[in-house]
Amino acid sequence: YILEQNRDAAARLAARAKVSVGSLYSYFGSRERLIRFAVELCARYLADVMAMAAPYLRGMPLRDALRMYLSTGLEMMDDLVPMMVFFGRAAYAGDPALQEPVVRPVAESTLQALRSILEAARARREIRAGVDLAATVRVVNTLVLAAADSQFLPHLNTYFQTTGGEVDRARMVEALLELVMNGISATAGKPRLAAAQKGATP
């Protein structure tokens, strides 16, 4: 409600909270302060969700963990579209007032969750030797954010062309996973190599 720009938004929010509009503004002082409170609260919620999910994701095989990380994130965004649109605008527009209290906590929590997934996979030797993990975490994080954000910010999908035509969200997710796994997995290319060696003449 508070992210809407029409006159009825505050009244509907007050009705949902079972208070008067006057009480709402008396407590927060202005619509801007109300929006800031709600967005910061949602940002903390998103950061907490990522922190809680991290231990479960760390224990999963790499491909499954990455699929869960991206697919579940997209499903969660579907349930929080107005807030995610606002957050996306804050992240991409670069409003200085929102960078530290809103954008950075979520960005750091998502990066840390992904880092923990890849570190656990490396400990299980699922990632091939020689991979620059620190840089890889950031590159994969960028790919995931671009894929996810373009699904609830239409203008980004217009630019990135992440989905469209015959490529739906599920197909895009699988292609992203295949790209990452072929790049860093310890077993990447081995089945093809074994097949080629088997067919080679002595």
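**Reading the pocket and the cores**

Author: Let's start with α4, which gives the largest share of the lining of the largest pocket, 8 residues. Helices here are DSSP runs (H or I, at least four residues), numbered from the N terminus. This is a predicted model, with local features needing pLDDT of at least 70 and side-chain atom pairs pLDDT 80 or more, while totals for chains, interfaces and linings use all residues. Residues are numbered from 1 along each chain, and side-chain values use heavy atoms, without hydrogens and water.

Reader: What counts as a pocket, and which residues lie nearest the centre of the largest one?

Author: On a 1 Å grid, a pocket is an open set of points where a 1.4 Å probe fits, with protein on both sides within 12 Å along at least five of seven lines; lining residues have an atom within 4 Å of a point. In this model, 31 residues line the largest pocket, and Y69, M77, V106, T110 and L145 lie nearest its centre. Besides α4 (62-79), the elements giving two or more lining residues are α3 (31-58), α5 (81-93), α6 (96-123) and α7 (133-149).

Reader: How do I read a nonpolar core, and which element gives the most to the largest one?

Author: Take buried (under 20% relative accessible area, 1.4 Å probe) Ala, Val, Leu, Ile, Met, Phe, Trp, Tyr and Cys residues, joined through side-chain atoms within 4.5 Å. The largest such core here has 46 residues, with L62, L66, Y69 and I127 making the most contacts inside it. α6 gives the most to this core, 10 residues. A second, separate core has 5 residues, L13 and L34 among them.

Technical notes
Buried < 20%, exposed > 50% of the residue type's maximum accessible area, 1.4 Å probe, protein only.
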